[in-house]
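Subject: Structure handover

Hello,

Here is the structure I promised to pass on. Please open it alongside this message, and then read my notes below.

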Amino acid sequence: PLPVPPTAHVRYVDRMPVDEQLRHYPELGGVPLAPVDLIASADDLSVLPDASVDFVIANHLLEHVEDPIAALCEFERVLRPRGVVYLALPDHRTTFDRDRELTTVEHLLREHAEGTAATRRDHYLDWARNVDRARPEDVERHADRLMSDRYSIHFHCWNPDTFLDFFVAARRQATLDFSVAAFAPPEGPADPEFILILVKGRSGVPPSPPAPAGRPRWRQRLAAGPLGPPLRAVRRRLVATWTKLRHRPSAGPAARRC
């Protein structure tokens with residue numbers, strides 16, 4: 001679970017209860033799992049009324065959803081105005097997805113418009129071949145077994161650039177009322193994720209209240225809230241870049257002329 005302020009109340013959503021998860025994914029035996037409060041899927045949150053929550057945390061979730069545009073639509077529906085979405089996604093370059101093709105915007109828009117049934121098996125074949133590394137003669141059988149079990153795979157692969165392209169296209173296609181409040185790319189070659197913060201409402205983050213003496217109140221609230229981790233990551237990246245620039249050896253006259 002993502003750390004949240006002590007005043008935040010979190011309800012965990014999953015498509016199956018914990019005991020069923022452990023049967024479905026035996027490789028998770030011994031791994032502590034978050035309790036499940038609501039049985040639902042990201043692309044169908046009908047257990048929640050419209051405009052009923054203040055935030056949605058989707059930690060390494062969208063890549064598991066066949067139609068991520070439908071999930072974004074549901075996030076928008078259940079959020080109150082100025083509600084926040086925290087999206088953390090794996091960068092396919094540093095995960096087991098590294099040998100798979102990046103999912104194109106056109107593919108995602110087409111699946112949202114036409115449905116995912118026609119392409120589902122192709123995703124499982126890709127997974128069996130490039131992630132599970134099934135032998136060539138076993139790829140189809142392995143993929144069919146995973147699909148029959150409804151095993152949760154990464155249906156889609158992104159890097160930061162391609163996900164931002166997808167988000168812009170999805171917002172236009174589905175007329176999503178989201179603005180981007182913050183974006184944190186991977187902090188280094190070994191960082192496996194990037195983070196995007198969305199706010200419901202195209203006008204962005206609401207204005208801050210008047211700040212008292214000392215540290216501005218909006219900075220305190222921002223640091224303690226869901227925006228704090230990605231913004232700290234961005235700040236660390238900028239500070240590291242600035243430090244390198246400050247300590248770079250001075251170029252000679254000929255280099256400076258160039």
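Start with T103. Beyond its neighbours within four places in sequence, T103 is in contact with L108, F155, H156, C157 and W158. Please keep in mind that this is a predicted model.

Where does T103 sit? It is found in the loop between β4 and α3. Is T103 buried or exposed? Its relative accessibility is 13%. The cut-off for buried is under 20%, so T103 counts as buried. One polar detail is worth a look: the T103 side chain reaches the backbone nitrogen of C157 at 2.9 Å.

Next, the helices. The axes of α3 and α6 come within 10 Å. They cross at roughly 35°, and the crossing is right-handed. Which residues meet there? From α3 come V105, L108 and L109. From α6 come D165, F166, A169 and Q173. L108 is also one of the contacts of T103.

Now the core. The largest nonpolar core has 33 residues. Those with the most contacts inside it are L62, L72, F75, L87, F163 and F166. Several elements each supply at least two residues of this core: β3 (53-59), α2 (68-78), β4 (79-90), α3 (105-114), α6 (160-173) and β6 (193-200). Another core lies apart from it, with 14 residues. Among them are M16, W127, V139 and F155. F155 is also in contact with T103.

Zoom in on L62. Leaving aside neighbours within four places in sequence, L62 is in contact with P68, A71, L72, F75, L87, L89, W158 and F163. W158 appears among the contacts of T103 as well.

Last, the strands. Take β6. Seven of its eight residues are buried, so β6 is largely enclosed by the rest of the structure. What does β6 pair with? One partner is β4, in the antiparallel sense over seven bridges. In that pairing, Y86 stands opposite I197 in β6. Another partner is β5 (residues 178-184), again in the antiparallel sense, over six bridges. Here F178 has K200 in β6 as its bridge partner. When you look along these strands, one general point helps: in a regular strand, side chains alternate between the two faces of the sheet.

That is the handover. I suggest reading it with T103 on screen, then moving to the cores and the strands.

Best wishes

Note on methods. Residues numbered from 1 in each chain as written. Predicted model: local features only at pLDDT ≥ 70, side-chain atom pairs only at ≥ 80, totals over all residues. Heavy atoms only, no water. Core = buried A, V, L, I, M, F, W, Y, C linked by side-chain atoms within 4.5 Å. Buried < 20%, exposed > 50% of the residue type's maximum accessible area, 1.4 Å probe, protein only. Helix = DSSP H or I, 4+ residues; strand = E, 2+ residues; numbered from the N terminus. Contact = heavy atoms within 4.5 Å. Pairing = 2+ DSSP bridges. Polar contact = N/O pair within 3.5 Å; in protein donor to acceptor, adjacent residues only side chain to side chain. Axes fitted to C-alpha atoms, helices over the stretch in contact; angles between N-to-C directions. Left-handed = near helix turned anticlockwise from the far one by under 90°.
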